[in-house]
2 protein chains.
Amino acid sequence: MPPFSADDRDILAETSLFQDLPPEELAQLRASARPVHRPRGGYFFMQGDPLERMYLLVTGRIKITQLGPDGQQILLRALGPGSLFGVVVLTQAKECPVTAEALEDSTALSWTRADLMDCAQRCPTFALNALQVMAAHAQEFQERFRQLATERVERRLAHTLLRLASQAGRKLPEGVLIDLPLTRQELGEMAGTTQYTVSRLLTQWESQGLIYAGRERIIIRHPHGLVSLAEG
Amino acid sequence: MPPFSADDRDILAETSLFQDLPPEELAQLRASARPVHRPRGGYFFMQGDPLERMYLLVTGRIKITQLGPDGQQILLRALGPGSLFGVVVLTQAKECPVTAEALEDSTALSWTRADLMDCAQRCPTFALNALQVMAAHAQEFQERFRQLATERVERRLAHTLLRLASQAGRKLPEGVLIDLPLTRQELGEMAGTTQYTVSRLLTQWESQGLIYAGRERIIIRHPHGLVSLAEG
DNA sequence: CGCACCTTTGAGCTCGGTCAAGGGGCGTGG
DNA sequence: CCACGCCCCTTGACCGAGCTCAAAGGTGCG
């Protein structure tokens with residue numbers, strides 16, 4: 001079996017980290033990619049593991065979580081096909097700072113630190129792309145930090161839903177489906193609140209016709225309504 | 001007047017972004033550096049400005065703040081000599097996402113995006129260094145995001161003081177001075193709380209002998225005491 | 001000396017976290 | 001196909017950490 005299919009080629013070409021690379025570098029990266037599969041509930045890596053690989057999700061859904069010293073968990077990101085994770089391997093960090101768990105059966109391509117660092121050494125474009133990716137993360141978390149510090153739960157949850165919709169939204173006749181199987185608990189871990197508060201807010205918004213709230217399934221019926229909640 | 005002194009040379013060599021660069025690149029960077037001065041209360045850049053320059057603080061103190069859509073401000077970082085700011089100019093972002101204000105009379109060296117990008121194109125080491133810097137930011141804010149989402153005010157403020165001490169601490173016979181003129185208000189904006197709560201906690205800690213709390217001046221007498229508060 | 005701003009302290013209140021209980025959907029195994 | 005059980009979700013009641021508002025010292029600078 002070849003290590004990748006025609007689909008994988010598309011995925012590499014569509015990933016911002018690999019934009020504008022010379023063909024020989026792309027070929028090299030394709031050759032050094034290793035496919036990895038994890039069943040639902042499996043881990044690509046766990047917080048504290050030695051940091052060895054970067055991943056590009058091909059199929060499935062995963063979540064990135066971080067555990068506090070007292071066991072409180074937060075959900076940093078929930079990702080679908082085409083998303084990178086473990087980008088931190090491009091730095092000199094020794095341990096995984098987060099955990100990557102499959103929400104569904106998932107497959108990813110993966111590269112070792114050495115492969116990527118070699119590429120970065122040879123190809124400034126790659127290093128600069130990586131810089132963009134890192135900077136986007138830093139920006140996102142700065143922004144979420146501000147929201148958490150200054151905004152009420154209702155707004156934060158509205159922002160969370162809108163962000164999820166923009167990252168993993170699928171257009172349906174009824175509205176935009178958030179195409180990730182997230183529980184109330186997990187939404188709470190993203191927005192910085194509890195499952196109970198999430199449940200109450202979603203129920204309220206559903207009764208106002210803003211959303212449809214099902215089991216691990218949310219459809220946003222009136223995005224502009226949510227936006228006005230999120231912005232005040 | 002020459003554009004930089006012997007001190008400036010030391011500063012470049014000591015900055016992680018410029019580590020391990022070939023001598024000709026370093027020389028080029030020294031040549032393209034532009035000194036900038038701001039009085040207390042002045043701005044190096046403001047949120048929303050066109051993003052043009054990166055800065056390296058040579059003397060003085062500055063704070064990096066972000067303004068929410070409703071005018072709520074948070075303080076992201078407070079920096080002393082040797083610190084970089086405006087690193088985001090290395091990306092393709094068009095606007096400053098934050099404001100940099102001088103807490104004291106301050107001077108910095110600055111470079112344009114073009115100068116830096118040229119350097120990154122020629123020199124992979126520079127691009128990789130930049131990647132480390134960005135990654136460190138992303139990590140820090142991920143961590144602070146988790147703290148804000150999961151920890152009580154008391155712990156967050158303890159963490160904030162310890163972080164400030166590690167970044168801008170000066171050893172004194174009585175303890176570690178946080179060498180930044182921060183008000184209770186500003187500490188609150190860093191820890192995600194109000195000036196009132198900060199004041200109450202500092203008073204309490206002072207009465208326990210953990211710290212000395214003066215006007216825009218804090219000395220940590222028993223770091224390990226604060227650590228045990230911060231960690232539980 | 002006076003003013004601006006930093007800091008403290010008290011009183012009251014509210015958002016949202018905690019705890020407890022119960023309903024419901026889905027998958028699995030019989 | 002049905003039944004069981006696990007997990008997800010909802011709802012109510014309570015309550016407490018910390019925010020808000022108000023007022024009154026301090027402190028340094030012009």
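**Exercise 1.** In this predicted model, find which element gives the largest share of the surface near DNA strand D, and how many residues that share holds.

*Solution.* Begin with the helices that each supply at least two residues of this surface, namely α7 of chain A together with α7 of chain B. Of the contributions to the surface near DNA strand D, the largest is that of α7(A), with four residues. As a last step, place this share within the whole: 16 residues surround DNA strand D, and A:R184, A:S199, B:V153, B:T193 and B:T197 are the closest, while 66% of the strand's atoms that come within 4 Å of the protein belong to sugar and phosphate.

**Exercise 2.** Determine how far polar side-chain atoms of chain B lie from phosphate oxygens of DNA strand D, taking B:T193, B:T194 and B:T197 in turn.

*Solution.* For B:T193, a polar side-chain atom is 2.6 Å from a phosphate oxygen of the strand. For B:T194, the distance from a side-chain N or O atom to a phosphate oxygen is 3.4 Å, and for B:T197 the corresponding value is 2.8 Å.

**Exercise 3.** Turn to DNA strand C and establish which helix gives the most to the surface near it, and how the residues of that surface divide by class.

*Solution.* The helix that gives the most is α7(B), with five residues. By class, the surface near DNA strand C holds three nonpolar, seven polar and seven charged residues. Among the contacts with phosphate oxygens of this strand, a polar side-chain atom of A:T193 lies at 2.4 Å, whereas B:E216 approaches with a polar backbone atom, at 3.0 Å.

Conventions. Residues are numbered from 1 along each chain as its sequence is written. Chains are lettered from A and ligands numbered from 1 in the order in which they are written. This is a predicted model: local features need pLDDT of at least 70, side-chain atom pairs count only at pLDDT 80 or more; totals for chains, interfaces and linings use all residues. Side-chain values use heavy atoms; hydrogens and water are left out. A polar contact is a pair of N or O atoms within 3.5 Å; within protein, one must be able to donate a hydrogen and the other to accept it, and residues adjacent in sequence count only if both atoms are side-chain atoms. Ala, Val, Leu, Ile, Met, Phe, Trp, Tyr, Cys and Pro count as nonpolar, Asp, Glu, Lys and Arg as charged, and the others, Gly among them, as polar. A residue is near a molecule or strand if one of its heavy atoms lies within 4 Å of it.
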